[in-house]
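Colleague: I have a chain open here and would like to go through it with you. Can we start with a loop residue and work outwards?
Modeller: Fine, here it is.

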Amino acid sequence: MLFYYHRGFIMTITQLRCFVEVAKELNYAKAAANLYISQPAVSRHIISLENDLGVTLFSRSRHNVALTSAGTRFYSEAKDILERIDLSKNSILENPGEEMLNVGCVSSIQIKGLSRIYEAYHKSKPDVMISNTEISAFDYKRVSLGDHLDVAFVPNMAKSSSQYSEASLKYVPLYSGNLCCVMKKDHRLCCKERIAFSDLEGETLIFLDHEHCPPAMDEVQFEIRKNGSNYTYYYSGSSLYSVPMIIAGLGLAIMPDFVCPPSDEVILRPFDLPCHLEYGIIYRNNDRSDRVRTFVDLAKQIHHV
């Protein structure tokens with residue numbers, strides 16, 4: 001039986017496949033037919049998974065099956081887990097003799113020089129396959145656990161460094177940035193060279209929601225709330241999704257300059273809040289493999305570290 005360790009608990013792959021299939025079909029009988037197992041077996045796996053997680057994933061009645069809010073949130077994670085497992089399995093079957101380097105990137109970071117790092121690495125290690133996975137700022141422990149990740153690009157502040165150290169991870173800073181105010185081109189504040197707290201009075205601010213907000217930005221958003229009272233807030237799951245909201249005229253956002261996706265329709269202005277922000281690369285302290293060390297060294301060279 002295959003097991004998958006995820007955020008403090010162990011799930012079987014069969015549990016996950018049953019959950020994803022029921023979530024897609026919203027019908028236990030159809031899910032069972034798709035999986036070529038009995039309907040009672042599907043029910044047992046779902047109940048076991050719910051017990052392990054300590055949440056209810058489906059609301060059930062005689063004629064209806066629906067995802068709960070917890071089930072909806074878990075569905076995207078479960079699909080991602082299964083996709084990564086299938087990708088790894090296919091990679092091993094198709095390339096049994098090749099090495100693999102698994103790279104994680106926090107979705108909000110617009111990593112400068114990433115294509116150059118990959119290009120230089122491929123020239124240096126042509127026999128090593130590269131797998132790139134999007135992760136959240138809270139998934140850094142997947143590197144320390146060896147959970148399909150060898151290295152990852154992550155945001156950082158002083159407090160984060162201690163978290164990486166406690167997880168037996170080495171953190172190497174690559175790029176430092178500054179806070180900026182991101183607004184639509186025709187916004188009334190575009191004429192200013194810098195944006196202060198007083199300029200934000202009466203504005204609608206687009207914040208990252210708590211579930212997806214890295215600790216560094218959580219502190220920034222707390223400071224903004226503390227220094228002003230006449231704000232309206234919208235929330236987004238990523239800076240990538242904040243930009244379309246800004247372009248639509250829904251508000252403006254405060255973010256590090258290295259997380260704002262390029263767009264001809266927005267303007268960036270420095271924001272008056274002293275804050276040291278950076279991103280870097282993490283890898284396991286005890287990982288001495290040449291494929292990992294070469295990647296880290298190239299990332300440092302390209303960022304002139």
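Colleague: Which residues is Asp287 in contact with, leaving aside its neighbours within four places in sequence?
Modeller: Val292 and Arg293. Bear in mind that this is a predicted model.

Colleague: Where is Asp287 found?
Modeller: In the loop between β14 and α10.

Colleague: Does Asp287 count as buried or exposed, and why?
Modeller: Buried, because its relative accessibility is 9% and the cut-off for buried is under 20%.

Colleague: On to α10, then. How far apart are its end C-alpha atoms, and what should the helix span?
Modeller: Helix α10 covers residues 290-302, which is 13 residues. At 1.5 Å a residue it should span 18 Å, and the end C-alpha atoms are 18 Å apart, so the two agree.

Colleague: Which residues of α10 are buried?
Modeller: Arg291, Val292, Thr294, Phe295, Val296, Leu298, Ala299 and Ile302. Val292, one of the contacts of Asp287, is therefore in the buried set of α10, being under 20% relative accessible area.

Colleague: What do those buried residues pack against?
Modeller: One helix and several strands. The helix is α5 (114-124). The strands are β5 (99-106), β6 (128-135), β7 (151-156), β8 (169-177) and β14 (277-284).

Colleague: And what follows α10?
Modeller: His304, with a positive phi near 60°.

Colleague: Those strands sound like a sheet. What is the order?
Modeller: β6-β5-β7-β14-β8, an open sheet of five strands with mixed pairing.

Colleague: Which strands stand at the edges?
Modeller: β6 and β8. Each has a single partner strand, so one side of each has no neighbour in the sheet. From one strand to the next, the twist averages 25°.

Colleague: How many bridges hold β8 and β14 together?
Modeller: Eight, in the antiparallel sense. Within that pairing, Val172 stands opposite Ile281 in β14.

Colleague: Let's switch to the sheet with β9. What is its strand order?
Modeller: β12-β9-β13, an open sheet of three strands with antiparallel pairing. The edges are β12 (253-256) and β13 (266-270); each has a single partner strand, so one side of each is left without a neighbour in the sheet. Neighbouring strands are turned by 35° against each other on average, direction ignored.

Colleague: How many bridges does β9 make with β13, and how many with β12?
Modeller: Strand β9, residues 179-184, pairs with β13 over five bridges. Four bridges join β9 to β12. Both pairings are antiparallel.

Colleague: Which residues are bridge partners there?
Modeller: On the β13 side, Met183 has Ile267 as its partner, and Cys180 has Pro270. On the β12 side, the partner of Val182 is Ala253.

Colleague: How many of the residues of β9 are buried?
Modeller: Five of six, so I would call the strand mostly covered, taking buried as under 20% relative accessible area.

Colleague: Which helices lie across β9?
Modeller: α8 and α9. Helix α8, residues 215-226, lies across β9 and β12, and runs at about 145° to β12. Helix α9, residues 239-247, lies across β9, β12 and β13, and runs at about 40° to β9.

Colleague: Now something near the N terminus. How do α1 and α3 cross?
Modeller: The axes of α1 (residues 13-25) and α3 (residues 39-53) come within 9 Å and cross at roughly 105°. The two helices are therefore roughly perpendicular to each other.

Colleague: Which residues meet in that contact?
Modeller: From α1, Thr14, Gln15, Cys18, Phe19 and Val22. From α3, Val42, His45, Ile46, Ser48, Leu49 and Asp52. By class, six are nonpolar, four polar and one charged.

Colleague: Last topic, the whole chain. How many helices and strands does the protein have?
Modeller: Ten helices and 14 strands. The C-alpha trace spans about 65 × 55 × 35 Å along its principal axes.

Colleague: What percentage of the residues is buried?
Modeller: Buried residues make up 47% of the 305 residues.

Colleague: And what share of the contacts joins residues at least 24 apart?
Modeller: It is 73%, counted among contacts between residues at least 6 apart in sequence.

Conventions
Residues numbered from 1 in each chain as written. Predicted model: local features only at pLDDT ≥ 70, side-chain atom pairs only at ≥ 80, totals over all residues. Heavy atoms only, no water. Expected span 1.5 Å × (residues − 1). Buried < 20%, exposed > 50% of the residue type's maximum accessible area, 1.4 Å probe, protein only. Contact = heavy atoms within 4.5 Å. Pairing = 2+ DSSP bridges. Axes fitted to C-alpha atoms, helices over the stretch in contact; angles between N-to-C directions. Parallel < 35°, antiparallel > 145°, perpendicular 65-115°, else oblique. Nonpolar A, V, L, I, M, F, W, Y, C, P; charged D, E, K, R; others polar.
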